[in-house]
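Student: I should like to learn how to read the features of a protein model. May we go through one together?

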Protein chains: 2
Amino acid sequence: MPTLDEVARLAGVSRATASRAINGGSRVSAKAAEAVAEAVRTLGYVPNPAARSLVTRKTETVAMVVPESDERVFADPFFARTLHVVTQALAQRDLQVVLLIAQPGDEMQRTLRYLRGGHVDGAIVVSHHRNDALADHLAAIGLPAAFIGRPLTGAEKVFYTDPDNIAGAREVTNILIERGCRRIGTITGPVDMSAGTDRAAGWRSALDAAGLATDAVVEGDFTEDGGEAACEILLRDHPDIDGLMVASDLMAAGALRVLDRAGRRVPDDIAVVGYDDLGIAERTTPPLTTVKNPIGDMAREAVRLLLAQLDGGTTIPRRVVFAPELVRRTSA
Amino acid sequence: MPTLDEVARLAGVSRATASRAINGGSRVSAKAAEAVAEAVRTLGYVPNPAARSLVTRKTETVAMVVPESDERVFADPFFARTLHVVTQALAQRDLQVVLLIAQPGDEMQRTLRYLRGGHVDGAIVVSHHRNDALADHLAAIGLPAAFIGRPLTGAEKVFYTDPDNIAGAREVTNILIERGCRRIGTITGPVDMSAGTDRAAGWRSALDAAGLATDAVVEGDFTEDGGEAACEILLRDHPDIDGLMVASDLMAAGALRVLDRAGRRVPDDIAVVGYDDLGIAERTTPPLTTVKNPIGDMAREAVRLLLAQLDGGTTIPRRVVFAPELVRRTSA
DNA sequence: CCCGAGAGTGGAAGCGCTCTCACTCCCCAC
DNA sequence: GTGGGGAGTGAGAGCGCTTCCACTCTCGGG
């Protein structure tokens, strides 16, 4: 592997000039720049990133942290879409993305050590839970970071983007109320995630405003099987429900299967609404009325928040909240 | 950030001893080792990876290269499973995985520069195509690598694992022949991938042996929509087919939808077999008879091949081929 | 009692790069 | 003519670490 020294020698300049020529080239004569470029070409020189980052203290790498089981990461279109957008957005700045999938426990310790070790310049965190305490940890490490989805603890210490889940859930529940449902249940997300608690809160707020009962609640886990199981419990304990707000389309798909098996027609016997609108909602039978989760926008904004920190601008945490958008189909 | 120097000073030893104590600890007295460990703990010392890899010439990082559009990467369970297994296997050796998704073109150039730049110790390549010429490129760079799936060019220069696609396709096609199909078509994979050409070759070989016509061929692209489109063409051009071998379950799922719409009963009017058995095959209607693609084994083996190179053992290319395994369901 | 082996240690070189600083030009305004 | 300033350059320090080498010290065997 050729070094900068050899490039400089071949180009007939000093190592300092060669370095300047390679990085941006300001304060370098056209002649010198050309000679260096030529030398780089003939030698096939590629800068050694370790040496470079040893002195610049930059790695040009960003971690995408997903404190979740790998099965879920790939089963849920949410992650795919997020990773896609994040990767694209960071690639424009020539930043590499390292995907860190780590559940709480040993793996998480390894991940934190990795983040603390200076392997990356910053982190994007997605699908975090209360007990991973990532916001606190990252704030303690002092690593620039942006969260997608509001952390349940330590939110005030970090940058994050969040959909207005409370408003979204309230509005979509109102669709059920307006169409005449009087006994409305919900399958929530995990209560250790803000998307879980907020959407449940929105559901409750809509029912409270309408003077309806809020006891038909089962916690789900954002998976299809979990939605199925939750729906079975719900039907058993509250057989009279005529409306159902499910906190994610994936869970709703599972719930629809259960309703179908139970012989309940949707939306006639029971109207169902979901949440997310990431492709699944239009493929269920019947297609789901749902709320759009603007993950593309959120991911892009999270990248922007991260870059703002990397560029040395802000260090005072900022947050960006996205308004919900209803998508009406035939399930309610 | 504390440095090794500070650790050494606090422990009352030299930097050299502190370094030895931290890495393995051979040739270090128990007393010194304990003092260093204590100092590391109180200082919260984490080694600087850039400095370390500058001298060791190791990065403890492995790239997983996927020359494919990001949509496909996440739509196809093949990648999820592969990435999962690779990540798990490498984590046991404390190796980080960097996911590089890059289609031919500019992105590919960036990726190659990244690989050449010494950011990673090795690479696992999956879903490569003829024109990306990755085997040639990686061999030229001299980077330790292992391919999952035989490269169509340069296969002799690299380590790879491969399922025996020809045998698998032949055997699954024989199921169609044995059940009495006489007009058997195929939807192939992309012909610029070995999985595409090999499975088509296996299909052809089975038909040749049985003395049947091999003209009902349409090329697909390993996506669900592509399978749908290919099946429509096939039905239009060869309305008399009574058997269909599809080169992937995902495409077969699309084909089944087309057959359903066309009013053809499966398997009575037309028997269908797929390939891969990664979860989709059991969820289609009817469930697919298919061939198991042992991607877990292949991925693990690829990691083993890579580690063999990293550990300085072999440099003479080796390959491991996996025998096919039929999975009988109701579609044929 | 001495010598050699081996364990443990520290000094110092050096990995490949960036960047500060001091220097030399050269040009232009006065 | 002279002085000031900007453009271009190179010497050299130093980023934090590993590792070679030389050294000391402790034993056990002859």
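The dialogue below takes up the interface, the helices, the salt bridges and the backbone.

Student: What should I know before I begin?

Tutor: This is a predicted model, in which local features need pLDDT of at least 70 and side-chain atom pairs count only at pLDDT 80 or more, while totals for chains, interfaces and linings use all residues. Residues are numbered from 1 along each chain as its sequence is written, chains are lettered from A and ligands numbered from 1 in the order in which they are written, and side-chain values use heavy atoms, with hydrogens and water left out.

Student: How many residues does each chain bring to the contact between chain A and chain B?

Tutor: Contact means heavy atoms within 4.5 Å. Here chain A brings 30 residues and chain B brings 30 residues.

Student: What area is buried between chain A and chain B?

Tutor: Buried area is the accessible area, found with a 1.4 Å probe, that two parts lose on being put together, summed over both. For chain A and chain B the value is about 2,600 Å², and carbon and sulfur atoms give 62% of this area. Of the area that chain A buries against chain B, 21% comes from A:Phe74, A:Gln96 and A:Arg110, more than from any other three residues.

Student: How many salt bridges are there between chain A and chain B?

Tutor: A salt bridge requires a side-chain nitrogen of Lys or Arg within 4 Å of a carboxyl oxygen of Asp or Glu. The count between chain A and chain B is two. A:Arg110 and B:Asp94 join their side chains in a salt bridge, at 3.5 Å from N to O.

Student: Which elements of chain A supply at least two residues each to the side that touches chain B?

Tutor: Helices (H or I, at least four residues) and strands (E, at least two) are DSSP runs, numbered from the N terminus. On chain A, the elements that each supply at least two residues to this side are α4 (49-56), α5 (70-75), α6 (77-91), β2 (96-101) and α7 (106-116). By class, this side of chain A has 16 nonpolar, eight polar and six charged residues. In this scheme Ala, Val, Leu, Ile, Met, Phe, Trp, Tyr, Cys and Pro count as nonpolar, Asp, Glu, Lys and Arg as charged, and the others, Gly among them, as polar.

Student: At what angle do helix α1 and helix α2 of chain A cross?

Tutor: Axes are lines fitted to C-alpha atoms, for helices over the stretch in contact, and angles run from 0 to 180 degrees between N-to-C directions. The axes of α1 (residues 4-11) and α2 (residues 15-22) of chain A come within 8 Å and cross at roughly 100 degrees. This makes α1(A) roughly perpendicular to α2(A); angles under 35 degrees count as roughly parallel, over 145 as roughly antiparallel, 65 to 115 as roughly perpendicular and the rest as oblique. The contact is made by A:Leu4, A:Asp5 and A:Ala8 of α1(A) with A:Arg15, A:Ala18, A:Ser19 and A:Ile22 of α2(A).

Student: Which parts of chain A does the pair A:Asp215 and A:Arg183 tie together?

Tutor: The side chains of A:Asp215 and A:Arg183 form a salt bridge of 3.2 Å, N to O. A:Asp215 lies in the loop between α10 (194-210) and β7 (217-219) of chain A, and A:Arg183 in the loop between α9 (165-178) and β6 (184-188) of chain A, so the pair ties together parts that are 32 residues apart in sequence.

Student: Where is a cis peptide bond found in chain A?

Tutor: A cis peptide bond joins A:Val266 and A:Pro267, with omega about 5 degrees. A:Pro267 is in the loop between α12 (249-261) and β9 (271-273) of chain A.
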